[in-house]
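Student: I've got a structure open and I'd like to learn how to read its features. Can you walk me through it?
Tutor: Sure, let's look at it together.

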Amino acid sequence: MNDSMTARISRSPKYQKLKRTRSRYGWTLSILMLIVFYGYICLIAFDKAFLSRPIGSGVMSIGIPLGLTVIVFSVAITGLYVRRANGEFDRLTQEIIRESQEGAK
C-alpha cells in the first residue's frame, strides 16, 4: 500500500466510522470486563463472609460459581468481539480498501 492510498483511506468517511465504532465497542467491552473482574476482586477483599457461604448442604461456596461466571463472561465477551470483528468490521475494511483502490484508477 502506498502513501497516496493510505491518505485516501484515512480521509474516507467509512474509515472514520469504522475507527469510531470499533474503538467504542472495544472500550465498552473492556469497561464491562473491568467492572465484572474488579467487582469479584472487591467481593474477595471486602465480603469474604458472603463468598464463603455454602450453597445448599454441600461444601461448595458462593465464590466458586461467581468465579466461574467471571471466566465464562470473559470468554463470552471475547467471542462477541471476534464475531463482530470478523463480520461487520472485516466487511467494512474490505469495502474501504476496494473503494480506495478504485479511487486510484
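Student: How do I read accessibility, say for Glu88: what does Glu88 count as?
Tutor: Keep in mind that this is a predicted model. The general idea is a scale: under 20% relative accessible area is buried, over 50% is exposed, and partly exposed is in between. Glu88 has 26% relative accessibility, so it counts as partly exposed. Arg84 comes out at 25%, which is why it is also called partly exposed.

Student: Which residue does the side chain of Glu88 meet in a salt bridge?
Tutor: For a salt bridge, you look for a side-chain nitrogen of Lys or Arg within 4 Å of a carboxyl oxygen of Asp or Glu. Here the partner of Glu88 is Arg84, with 2.8 Å from N to O. Both residues sit in helix H4, 4 residues apart, and that is about one turn of the helix.

Student: How many salt bridges does the structure hold?
Tutor: There are 4 salt bridges in the structure. Take Glu95 and Lys14, whose closest N and O atoms are 2.9 Å apart. This pair links distant parts of the chain, since Glu95 is in helix H4 and Lys14 is in helix H2, 81 residues apart.

Student: And what does Glu99 do with Lys14?
Tutor: The side chains of Glu99 and Lys14 form a salt bridge too, at 2.8 Å from N to O. Again distant parts of the chain are linked: Glu99 belongs to helix H4 and Lys14 to helix H2, with their positions 85 residues apart. Put these into a bigger picture and you get a network of salt bridges that links Lys14, Arg91, Glu95 and Glu99.

Student: Are the residues of that network buried or exposed, for instance Glu95?
Tutor: Go back to the scale. Glu95 has a relative accessible area of 18%, so it is buried. Lys14 has 30%, so it is partly exposed. Glu99 has 37%, so it is partly exposed as well.

Student: Now the rings. How many aromatic pairs does the count come to?
Tutor: The idea is to check how far apart two ring centres lie and what angle their planes make. The count comes to 4 aromatic pairs. One of them is Tyr25 with Phe89, an edge-to-face pair at 6.3 Å centre to centre and 75° between the planes. This pair links distant parts of the chain: Tyr25 is in helix H2 and Phe89 in helix H4 (residues 63–104), 64 residues apart. Both of these residues are buried.

Student: Which residues form the aromatic cluster?
Tutor: Tyr25, Tyr81 and Phe89 form one cluster. Arg84 turns up here again, because its charged end sits over the ring of Tyr25, 4.4 Å from the ring centre.

Student: What about the nonpolar core: which residues have the most contacts inside the largest one?
Tutor: To find a core, you look for buried nonpolar residues joined through their side chains. The largest core has 14 residues, and Leu18 and Phe89 have the most contacts inside it. Helices H1 (3–11), H2 and H4 each supply at least two of its residues. The largest share, 6 residues, comes from H4.

Student: Where is the nonpolar patch on the surface?
Tutor: Look at Leu34, Phe37, Tyr38, Ile41 and Ile44, which form such a patch with about 430 Å² of accessible area together. Phe37, for example, is found in helix H2 (residues 13–46). Its relative accessibility is 37%, so Phe37 counts as partly exposed.

Student: Last one: how do I read distance in space against distance along the chain?
Tutor: Compare two pairs of C-alpha atoms. Ser100 and Ile9 are 91 residues apart along the chain, and their C-alpha atoms are separated by 6.1 Å. Asp3 and Ile31 are 28 residues apart along the chain, and their C-alpha atoms are separated by 35 Å.

Student: And are Ser100 and Asp3 buried or exposed?
Tutor: Ser100, in helix H4, has a relative accessible area of 5%, so it is buried. Asp3 is in helix H1, and at 69% relative accessibility it counts as exposed.

Key. Residues numbered from 1 in each chain as written. Predicted model: local features only at pLDDT ≥ 70, side-chain atom pairs only at ≥ 80, totals over all residues. Heavy atoms only, no water. Patch = residues over 30% accessible without salt bridge, like charges linked within 9 Å, V, L, I, M, F, W, Y side chains within 5 Å. Areas by Shrake-Rupley, 256 points an atom, 1.4 Å probe, with all protein chains shown as cover. Buried < 20%, exposed > 50% of the residue type's maximum accessible area, 1.4 Å probe, protein only. Phe/Tyr/Trp six-rings, centres within 6.5 Å; stacked < 30°, edge-to-face > 60°. Lys NZ or Arg CZ within 6 Å of the ring centre and 35° of its normal. Core = buried A, V, L, I, M, F, W, Y, C linked by side-chain atoms within 4.5 Å.
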